Structure formats: structure tokens, C-alpha cells
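Please work through the following exercises with the sequence and the structure at hand. Each task is followed by a solution in steps.

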Amino acid sequence: MADRVLVIGSGGREHALAWKLAQSPHVKQVFVAPGNAGTADNGKISNSAVLVSNHTIVTQFCKDHNIGLVLVGQEALLAAGIVDDLRAAGVRCFGPSAKAAQLESNTTFAKAFLDRHGIPTARWKAFTNPQEACSTDFPARVVRARGPAARKEVTIAASKEEACRAVQEIMQDRTFGDMVVIEELLQGEELSCLCFTDGVTVASMPPAQAHKRLLDGDQGPNTGGMGAYCPVPQVQQPSHL
């Protein structure tokens, strides 16, 4: 493990990564860029003002501070190819390439990938025309903007009218891109099972469940940052985890 590690991001995920990395006797210092209040001057952990959107500047920062490993948590930067650029400059970096990051950042890419490889997924269609999007005949719909920052721009619509309102809002405000994806709403428990891999070995993490809807009884709007809990009582934990 490297003596100095740079974690890129500012959320609770990056905070948790930095917290755990700092516990390792092999890690001397953990920088978090841009970080948050919880990662500011906390033992081995400190925030950095390095401009993470400029990959050249990040690369130089890593070389100037003898960073042995970079971990990238921020989805938009992964989609922008920061891992590719750092690796090309000889900086060790943990995270998916820009192409692989599309599975998270590009809804149409991810859904087409699932269909192409026979992985079960909800029925879906992508639209650039709001009138056509409103014509989908799924009994209940999930309306998603497609853009890289649109993972949280999701509406669970119980009626065609509600879905059309969501489509109009997304398509008229081009902040989230110029395409909308309509999916069939699947009912039931939703779990996340994440894994670490080096391309050969796969190490699974315990399943977790995110807090998705704002209000009790799943009646509120969908959220994108309310946290998660683990272990999940609905799933028996594998004995090796």
C-alpha cells in the first residue's frame, strides 16, 4: 500500500474510504479533494484544494506530493476519464475507465449493455421527443434523464399524466441532457451488491439497501443521497463476508 493516498470526491462515500484508509499502518497520509467538513484535519486525513476537474493539475499534484495511489469516487470525473489520464501519466489509480464508467453514468449505455448480454432488466425505451416519450404504455413508469449528472434525476410515476409532467420538466431543462429514458416500474426489494476487482479476482462486499424514497410508505419523491444500511435483513449474509 502507498504511504500517501489521494481520495477524490466530497461525499460520505469518500469520507468512509478516507477513514478506513487512515486506519492502515501502511498509509502515512490521506488527502481528500475537495473533501468535506468531516475530512478536514482529522488525524492522518486532510482536505486538498487541488482542482480535480483539471486532470493535468491532479497529475502534477500526485507527483509533487509523492502520491502512491489515487481512489476516485466521483461519478462525473470517472465518466470524464480521470482514471485513464492518471494511469497514462504513470499515476496508480483505482477506479473504472471512462468507457467502463458509462455503466453508471449513461443510462442508455447501461440498459443496452444489459439487453445485449441477456442480463434481466426492466423494459425500457429512450426518447429525444417529449411527445413520443409520453406515449409509452408501461402501466407504471420510471422516468430518468440520461446525462452524466442525472443519476439522481429520477421520477417514479404511478400514472401516464405524472410521467408526462416529469418528461416535460427534464426535456425543457437541458441541464440533464436532451434524452429521457422511460422504464417499466418493477415492484419489490432493491439491493446493491458491489464488488472489488483487479480484472482477475473478485471480492464481494455485503449487500446493502439504500434509502430511496423521501417519505414513509414509499410515497415521496426519489432521492439520491440519503444513505444506506448494511447488513440487510432480507438477505442472508454469505459466511465468508
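The exercises below concern a predicted model, and they proceed from the whole chain to its sheets, helices and salt bridges.

**Exercise 1. The chain as a whole**

Task: State how many helices and strands there are in the chain, and describe its extent along the principal axes and its share of buried residues.

Solution.
Step 1. Counting the secondary-structure elements gives 8 helices and 13 strands.
Step 2. The C-alpha trace spans about 55 × 40 × 35 Å along its principal axes.
Step 3. The chain has 241 residues, of which 36% count as buried.
Step 4. Consider the contacts between residues at least 6 apart in sequence: 52% of these join residues at least 24 apart.

**Exercise 2. The parallel sheet**

Task: Determine the strand order of the open sheet of 5 strands, and identify which helices pack on it.

Solution.
Step 1. The order is β3-β2-β1-β4-β5, and the pairing is parallel.
Step 2. The edge strands, each pairing on one side only, are β3 (45-47) and β5 (93-94).
Step 3. Within this sheet, β1 (residues 4-9) and β2 (residues 29-34) pair over 6 bridges in the parallel sense. Arg 4 stands opposite Gln 29 in β2.
Step 4. Helix α1 (residues 12-22) packs on the sheet and touches β1, β2, β3 and β4 (69-72); its direction makes about 170° with that of β1.
Step 5. Helix α2 (residues 55-64) also packs on the sheet, touching β1, β2 and β4, and its direction makes about 160° with that of β1.
Step 6. An unreviewed UniProt entry lists residues 4-104 as "domain: Phosphoribosylglycinamide synthetase N-terminal". In the model, this span is 40% helix and 21% strand, and its end C-alpha atoms lie 28 Å apart.

**Exercise 3. The antiparallel sheet**

Task: Determine the strand order of the open sheet of 4 strands, and describe how helices α6 and α8 are placed on it.

Solution.
Step 1. The strands follow the order β6-β9-β7-β8, with antiparallel pairing.
Step 2. At the edges are β6 (124-127) and β8 (154-157), each of which pairs on one side only.
Step 3. On average, neighbouring strands of this sheet are turned by 20° against each other, direction ignored.
Step 4. The pair formed by β7 (residues 141-145) and β9 (residues 180-184) is antiparallel and has 5 bridges. In this pair, Arg 144 stands opposite Val 181 in β9.
Step 5. Helix α6 (residues 107-116) lies across β6, β7 and β9, and runs at about 145° to β6.
Step 6. Helix α8 (residues 160-172) packs on the sheet and touches β6, β7, β8 and β9; its direction makes about 0° with that of β7.

**Exercise 4. Two packed helices**

Task: Classify the crossing of helices α5 and α6 as roughly parallel or roughly perpendicular.

Solution.
Step 1. Two packed helices are described by the angle between their axes and the distance between the axes.
Step 2. The axes of α5 (residues 98-105) and α6 come within 6 Å and cross at roughly 95°.
Step 3. Angles of 65 to 115 degrees count as roughly perpendicular, and α5 is therefore roughly perpendicular to α6.
Step 4. At the contact, Lys 99, Gln 102, Leu 103 and Ser 105 in α5 meet Thr 107, Phe 109, Ala 110 and Phe 113 in α6.

**Exercise 5. Salt bridges**

Task: Find which parts of the chain are linked by the salt bridge of Glu 183 and Lys 111, and decide whether each of these residues is buried or exposed. Then examine further salt bridges among the 5 in the count.

Solution.
Step 1. The side chains of Glu 183 and Lys 111 meet with an N to O distance of 2.7 Å. The pair links distant parts of the chain, with Glu 183 in strand β9 and Lys 111 in helix α6, 72 residues apart.
Step 2. Buried means under 20% relative accessible area. Glu 183, at 7%, is therefore buried, and Lys 111, at 5%, is buried too.
Step 3. Glu 184 and Arg 123 form a salt bridge at 3.1 Å, N to O. Glu 184 lies in strand β9 and Arg 123 in the loop between α6 and β6, so the pair ties together parts that are 61 residues apart in sequence. Arg 123 is partly exposed, at 45% relative accessibility.
Step 4. Salt bridges that share partners join Arg 13, Glu 14 and Glu 75 into one network. Within it, the closest N and O atoms of Arg 13 and Glu 14 are 3.1 Å apart.
Step 5. Arg 13 is partly exposed, with a relative accessible area of 41%, whereas Glu 14 is buried, at 3%.

Terms used. Residues are numbered from 1 along each chain as its sequence is written. This is a predicted model: local features need pLDDT of at least 70, side-chain atom pairs count only at pLDDT 80 or more; totals for chains, interfaces and linings use all residues. Side-chain values use heavy atoms; hydrogens and water are left out. Two strands pair if DSSP finds at least two bridges between them. Helices (H or I, at least four residues) and strands (E, at least two) are DSSP runs, numbered from the N terminus. Axes are lines fitted to C-alpha atoms, for helices over the stretch in contact, and angles run from 0 to 180 degrees between N-to-C directions. Contact means heavy atoms within 4.5 Å. UniProt positions are given in the numbering used here, feature names are shortened, and annotations may be inferred rather than shown by experiment. A salt bridge is a side-chain nitrogen of Lys or Arg within 4 Å of a carboxyl oxygen of Asp or Glu. Buried means under 20% relative accessible area, exposed over 50%, partly exposed in between (1.4 Å probe, protein chains only). Angles under 35 degrees count as roughly parallel, over 145 as roughly antiparallel, 65 to 115 as roughly perpendicular and the rest as oblique.
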